[in-house]
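Visitor: I have not looked at this one before. Could you walk me through it, one question at a time?

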Amino acid sequence: MNPIIATLKEHNISDEQVKDLFKTLTENPLAAMATISQLGIPPEKLQPLMALIMQNPALIKEAVTELGLDFSKVEAAKAQLQK
């Protein structure tokens, strides 16, 4: 299992919330960071999770694929951030 998804599951984040989070992450990464911080994950777990997400985009692709979401939106979001 993807380590990002595993951390979310470890903190009782529902499947629906996980999918919604990754959908937001693919469409608007900055909004997703705000959403992650509101999930009630303890700060000592939240900071490494945020770092993992920001430093390893391959894990996002892996999670999106694992969840059956559309990765082309991730690429579009990434292109938008680079403008």
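Guide: Gladly! Let's begin with the surface: the protein exposes about 5,100 Å², and carbon and sulfur atoms supply 54% of that area. Please keep in mind that this is a predicted model.

Visitor: What pattern do the helices and strands follow along the sequence?

Guide: The protein has six helices and zero strands. Reading along the sequence therefore gives only helices, in the pattern α-α-α-α-α-α.

Visitor: What percentage of the residues count as buried?

Guide: A residue counts as buried when its relative accessible area is under 20%. The protein has 83 residues, and the buried share of them is 35%.

Visitor: Within what arc do the buried residues of α1 fall, seen down its axis?

Guide: Helix α1 covers residues 3-10, and its buried residues are I4, I5, T7 and L8. They line one face of the helix, because seen down the axis of α1 they fall within an arc of 160°.

Visitor: Which helices do those buried residues of α1 pack against?

Guide: There are three partners to look for in the picture, and here they are in sequence order. The buried residues of α1 pack against α2 (15-27), α4 (43-55) and α5 (57-67).

Visitor: Which residue caps the N-terminal end of α1?

Guide: Look for a side-chain oxygen that lies 2.8 Å from the backbone nitrogen of I4. That oxygen belongs to the capping residue, N2.

Visitor: Which residue following α1 has a positive phi?

Guide: Most residues other than glycine have a negative phi. In the loop between α1 and α2, one residue other than glycine has a positive phi, near 60°. This residue is exposed, with a relative accessible area of 69%, and its name is N12.

Visitor: How many residues apart in sequence are the parts tied together by K45 and E10?

Guide: K45 forms a salt bridge with E10, and their closest N and O atoms are 3.2 Å apart. K45 lies in helix α4 and E10 in helix α1, so the pair ties together parts whose separation in sequence is 35 residues.

Visitor: And which residue meets K23 in a salt bridge?

Guide: The N to O distance in that bridge is 3.2 Å. Both residues lie in helix α2, four residues apart, about one turn of the helix. K23 is partly exposed at 40% relative accessibility, and its partner, also partly exposed with a relative accessible area of 37%, is E27.

Conventions: Residues are numbered from 1 along each chain as its sequence is written. This is a predicted model: local features need pLDDT of at least 70, side-chain atom pairs count only at pLDDT 80 or more; totals for chains, interfaces and linings use all residues. Side-chain values use heavy atoms; hydrogens and water are left out. Buried means under 20% relative accessible area, exposed over 50%, partly exposed in between (1.4 Å probe, protein chains only). Helices (H or I, at least four residues) and strands (E, at least two) are DSSP runs, numbered from the N terminus. The arc is that of the directions from the helix axis to the C-beta atoms. Contact means heavy atoms within 4.5 Å. A polar contact is a pair of N or O atoms within 3.5 Å; within protein, one must be able to donate a hydrogen and the other to accept it, and residues adjacent in sequence count only if both atoms are side-chain atoms. Accessible areas come from the Shrake-Rupley method with a 1.4 Å probe; for residues, only the protein chains shown count as cover. A salt bridge is a side-chain nitrogen of Lys or Arg within 4 Å of a carboxyl oxygen of Asp or Glu.
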